[in-house]
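Q: Hey, I'm about to look at a new structure. Can you walk me through the backbone oddities?
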Protein chains: 2
Amino acid sequence: MPARNLNQLSACEIAHGVAAGAFTAEAVTRACLERIEERDKHIKAWAFLDPQLALAQARAIDAKVSKGPLAGVSVGIKDIIATHDMPTDMGSPIYRNNRTAADASSVALARGADAVILGKTVTCEFAGLTPNVTRNPHDLDRTPGGSSSGSAAAVADGMVALAYGTQTGGSVLRPASFCGVVGYKPTYNLICRDGIKFAAESRDTIGLFARSVEDVDLIASVLTGRPRVAQRETPPKIGLCRTHLWDHARPEAQHAIENAVERLEPAGAVVRDVSLPESFSALAEARTIVNPFERARSMAHEWNANRPLISEGLSRQIEEGLTIPYARYIASLQRMQNCRAQIPAIFGDADILLTPCVTGEAPKGLTSTGDTRFQEFWTALHVPAITLPTHKGPNGLPIGIQLIGRLYEDETLLAAALWVSQVLAAC
Amino acid sequence: MPARNLNQLSACEIAHGVAAGAFTAEAVTRACLERIEERDKHIKAWAFLDPQLALAQARAIDAKVSKGPLAGVSVGIKDIIATHDMPTDMGSPIYRNNRTAADASSVALARGADAVILGKTVTCEFAGLTPNVTRNPHDLDRTPGGSSSGSAAAVADGMVALAYGTQTGGSVLRPASFCGVVGYKPTYNLICRDGIKFAAESRDTIGLFARSVEDVDLIASVLTGRPRVAQRETPPKIGLCRTHLWDHARPEAQHAIENAVERLEPAGAVVRDVSLPESFSALAEARTIVNPFERARSMAHEWNANRPLISEGLSRQIEEGLTIPYARYIASLQRMQNCRAQIPAIFGDADILLTPCVTGEAPKGLTSTGDTRFQEFWTALHVPAITLPTHKGPNGLPIGIQLIGRLYEDETLLAAALWVSQVLAAC
């Protein structure tokens, strides 16, 4: 096996190596910057990058005697998340070169753990559905998914070990699946959202990209104040949840799930089918009622002050949101609350659910970021979700599976994801 | 009855008068500014005020042919809520003269309805417990309550008709009760929190101050996209909920509740006692576990960059939050979630609950903003709450009662509050 460049190391390897003096944070940062220099003219994952600023951070970390748990790990920050020393453009001309006084708390926590905030990654306009310039590293003619497009592509392409995204519908798990990396959306509100621009506040969640479950666990532990998860001593109990959307999954996405079961059961996992009550079809209302209603409110300033600079698609969503009756919005929230209350019964004794993440491979073209349905379903429930890059489709492109945990049981989900990823990698 | 000055009019009267051409927005704004000029040297409710900027807004509204539902109504904005044309200092030297690119969405929505954003009101440091300079308009030697100190005092003193606050524990309802105004904390997340600084994100809620329920309903309808509430045709069913904290209420606070029942029943309200399960005592953990844990994360940037400028009290809370184990935090969240699930059964057929708002009158001195327990109990449940200034204590100072609604049933709460306020005013 050829020696990997430092930019290809995992976050755990980097932090360990920098702490042990095996290599410097500066060397890791240079390797990441070189990879970006070489590749980003094609991928276009970065909205802002100042190599000197990144290297200065790295040198400051190298000068420290005692180093934090993310020592020298480069992190890409989705460009709707505030950084005190870099602009936050939000994928919109309204905020070109927009400077903020403070870091978002999630960024500050990573800095406090000695991460290098490498730069800002490309986002769809205000973390919505209007595509931006980023391309899929596996096939430049395909979407990387969105809205956290740059973060997924940058991690997949070895430009950084870690990146931040946000998920309102499927903006972390879909691009992670399309780009072949791990994507994790924690329980709603578990990572503090201070300093991000809201899309639909009742479901916006900060999520994370990495190339392994261990790396996702490392950064999430810093951001949530949680100890690292331990290896499971016994195989998990898994509920196989095809959902009522199953027929929308293409054969390759269905195969990924069924093949995962075929390989997990022999390793000891207990898998049983889990079905959802009919009432769960109401979760699709997130897209058509709750998201536009809340979007219209969260964009009130831009709608007042900069309306001509908002894209046609987003303008239409805001206009739609302004016409949805309040009573209809509240009824949707209540139906979703009722679904959430049924989650414990649906899980039964299962530790996690296994369910499709996407309808298939990343679609051709850059005019759409793909189908949100398999991701947004779970976002509306506020439960934690993770995708693992376990399969390939007919064009050799990645297809992730999705694992779901109970509300607040992110530790159980991550420990089970670690077990699943190890079993599926070993087959 | 002497003619009131324009600054003493209700928001509904102002909006109606300006729309009808009875007086101008500029005249209303001048009256508010004059009141502030006369009184604020004693009250100290304002953190930022630029009379020319306020008057320019008013003149722009006067020049419009078609006017919005808040036409010419002056609004005070708590100084942790962003305004694109005024600084947002957050009650901290860290953010002295801090400018933001955008309005918070709640501010932008009020501007879109033709309100005059008069200025920024004094907040406790980062909406916490460290008192700021504001004094109680009813007795300058007493606290106005906090953390939305300036907003409550400004509305009470006739400086503005409306003001914004935020409530994490009791930061809207307590100052409203101490200052003798109406204070409303909607259902969690109902008013978009884009552009505010978080204290403890899992409970921070934007709330509103006014001198009447009608006025609170007017501004809340703009911010939430809800139609105005209608008068109830029948008296409400009321659950009298003393809570396990009842013995902490001083005789005057207990009397307010019992006297309210004595006057509401003859008017037709059906009142029955409601008791809470023992498990609800866990809600007090909000203060000791959840708030410090989340505060330590939301303040990560300031903790990294400006630690010496954080007050001793807040520093202690952050340090405490950093030592609380994750498992303890999650267990608290789960216990609160379990309490929330019991709310429908606790209400039974009641439309609203009636419960103490405060332990008594505003305490003497400015070193504490008062006891948070009767307010924070309900904040942790995410349910909507309103206080009405219905009673006086032994020193002639205001004591509010508190009414509680079910999650998302803010309309039912406000309609019942309207009925209650009319009955109690008429006695």
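A: Sure. This is a predicted model. Let's start with B:K44, which sits in the loop between α2 (25-43) and β1 (46-49) of chain B.

Q: OK, what's up with the phi of B:K44?
A: Phi is positive there, about 60 degrees, even though B:K44 is not a glycine.

Q: And why would anyone flag that?
A: Because most residues other than glycine have a negative phi.

Q: Is B:K44 buried, exposed or partly exposed?
A: B:K44 counts as partly exposed, because it has 18 C-beta neighbours inside 10 Å. The buried label takes 20 or more.

Q: Switching to chain A: what is phi for A:Y408?
A: Near 70 degrees, so to speak a positive value in a residue other than glycine.

Q: Where is A:Y408?
A: Look in the loop between β11 (398-404) and α15 (410-426) of chain A.

Q: Buried or exposed, that A:Y408?
A: Buried, because A:Y408 has 21 C-beta neighbours inside 10 Å.

Q: New topic, peptide bonds. Which residues does a cis bond join in chain A?
A: A:G146 and A:S147, with omega at about 5 degrees. You'll find A:S147 in the loop between β3 (116-121) and α5 (149-156) of chain A.

Q: What about the bond from B:G146 to B:S147, cis or trans?
A: Cis, with omega near 5 degrees. B:S147 lies in the loop between β3 (116-121) and α5 (149-156) of chain B.

Q: Why bother pointing those out?
A: Because most peptide bonds are trans.

Terms used. Residues are numbered from 1 along each chain as its sequence is written. Chains are lettered from A and ligands numbered from 1 in the order in which they are written. This is a predicted model: local features need pLDDT of at least 70, side-chain atom pairs count only at pLDDT 80 or more; totals for chains, interfaces and linings use all residues. Helices (H or I, at least four residues) and strands (E, at least two) are DSSP runs, numbered from the N terminus. A residue is buried if 20 or more other C-beta atoms lie within 10 Å of its own, exposed if 12 or fewer, and partly exposed in between; C-beta atoms are placed from the backbone.
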